[in-house]
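Biologist: I would like to learn how to read burial, contacts and salt bridges from a model. Please take one feature at a time.

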Amino acid sequence: MQFDVRRFDIYRKVPKDLTEPTFAGAVISICSCLFITFLFLSEFYGFIGTEIASELFVDNPTEDDKIPVILNITLPRMKCEFPGLDIQDEMGRHEVGFKENVERREINNGEGCFISTRFTINKVPGNFHVSTHGAGKQPDSPDMNHIINAVNFGSRIMDKLPGAFTALKDRKRHDTNGLASHDYILKIVPTIYQKLDGTTTFSYQYTWAYKEYVSYSHGGQMLPAIWFRYDLSPITVKYIERRQPLYHFITTVCAIVGGTFTVAGIIDSAVFTASEMWRKHQLGKLS
């Protein structure tokens, strides 16, 4: 007997003359195809795109013991000749009137000042603050009302990432007591961002709390300042760009097609059976 490989066909074909097309079946088939197309396109866009996964671990993101900082702040009621940047930390650093990479620009017809600066801090608790401590002479009425345009730590990471990388951006304190000091207490969290191509960016996000106060000493009221007191978290956050694997995409597409046609077949069978019963009922043949 000649071997016939067609015996292994599990998808046996039914002759067309033994099947009956119906209007309901056509509607269900068209809806199924549209539904499959919609799900397929949604899954395809997810496949060609990327997703961001995150993980936490206790580690320092780099061996470098310095953190780059960008500070942009506007003092609408303080002339540029008075304010400066002071930096302190627990390693003994104490710089009054930091001058490197500091840009000042007059605003409000010379009555206000925009300050932009870049500097580095050690990876230990400390603070940096804007004050008039390093000025040659003090203003008659210091006013530390301000607008924080930016406070960023580390390299800039793309905006689509979750997290608080620019938590103090556009923070306004311009309707407060001009003689008050402002304290921003920051908790800095080391952050790593790894792209699909393997390149890694090191940055820092942060949370903050705020208080406003007028301080006094034995000699009277102390000069106001804008303080940024920081501490570092021992937990590092790592964001990883990932793309859906091909096998996952193929599995999902097969599930979409197979599941849709299975459910559509059940619906079509139920509709056809109900219509046949109704037709028999109309003819009086339903017993």
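Modeller: Start with burial: a residue is buried under 20% relative accessible area, exposed over 50%, and partly exposed in between. The model here is predicted. E95 has 29% relative accessibility, so E95 counts as partly exposed.

Biologist: What does E95 meet in a salt bridge?

Modeller: The general idea is that side chains of opposite charge can pair when their charged atoms come close. In this case the side chain of E95 meets that of R93, with an N to O distance of 2.8 Å. R93 has 16% relative accessibility and therefore counts as buried.

Biologist: How many salt bridges does the count come to?

Modeller: The count comes to five salt bridges. Among them is the pair of E103 and R105, at 3.6 Å from N to O. E103 is partly exposed, with a relative accessible area of 42%, and R105 is partly exposed at 41% relative accessibility.

Biologist: Which residue forms a salt bridge with K187?

Modeller: That residue is D231, and the closest N and O atoms of the pair are 3.6 Å apart. K187 lies in strand 10 (residues 181-194) and D231 in strand 14 (residues 226-232), so this salt bridge ties together parts that are 44 residues apart in sequence. As for accessibility, K187 is partly exposed at 36%, and D231 is partly exposed at 30%.

Biologist: Now the helices. Is S32 buried or exposed?

Modeller: The relative accessibility of S32 is 6%, so S32 counts as buried. S32 sits in helix 1, which covers residues 23-48.

Biologist: Which backbone oxygen lies 2.8 Å from a polar atom of the S32 side chain?

Modeller: The backbone oxygen of I28 does. I28 is also placed in helix 1, and with 16% relative accessibility I28 counts as buried.

Biologist: Which residues do S32 and I28 touch, if neighbours up to four places away in sequence are set aside?

Modeller: S32 touches T260 and A264. I28 is in contact with A264, I267, D268 and V271. A264 therefore appears for S32 as well as for I28.

Biologist: How far apart are I28 and F261 in sequence and in space?

Modeller: I28 and F261 are 233 residues apart in sequence, and their C-alpha atoms are 9.7 Å apart in space. For another pair, G258 and A167, the separation along the chain is 91 residues and the C-alpha atoms are separated by 47 Å. G258 lies in helix 2 (residues 246-283) and is partly exposed, at 32% relative accessibility.

Biologist: How is the chain divided into domains?

Modeller: Domain 1 takes residues 23-48 together with 245-281, and domain 2 takes residues 57-242. The C-alpha centres of domain 1 and domain 2 lie 57 Å apart.

Biologist: One more feature, the surface. Which residues make the nonpolar surface patch?

Modeller: F40, L41, F44, Y45 and I48 make a nonpolar patch of about 460 Å². One of these residues, Y45, lies in helix 1. The relative accessible area of Y45 is 55%, so Y45 is exposed. In helix 1, then, S32 is buried, whereas Y45 is exposed.

How values were computed:
Residues numbered from 1 in each chain as written. Predicted model: local features only at pLDDT ≥ 70, side-chain atom pairs only at ≥ 80, totals over all residues. Heavy atoms only, no water. Helix = DSSP H or I, 4+ residues; strand = E, 2+ residues; numbered from the N terminus. Buried < 20%, exposed > 50% of the residue type's maximum accessible area, 1.4 Å probe, protein only. Polar contact = N/O pair within 3.5 Å; in protein donor to acceptor, adjacent residues only side chain to side chain. Contact = heavy atoms within 4.5 Å. Domains from an automatic or database assignment. Patch = residues over 30% accessible without salt bridge, like charges linked within 9 Å, V, L, I, M, F, W, Y side chains within 5 Å. Areas by Shrake-Rupley, 256 points an atom, 1.4 Å probe, with all protein chains shown as cover. Salt bridge = Lys/Arg side-chain N within 4 Å of Asp/Glu carboxyl O.
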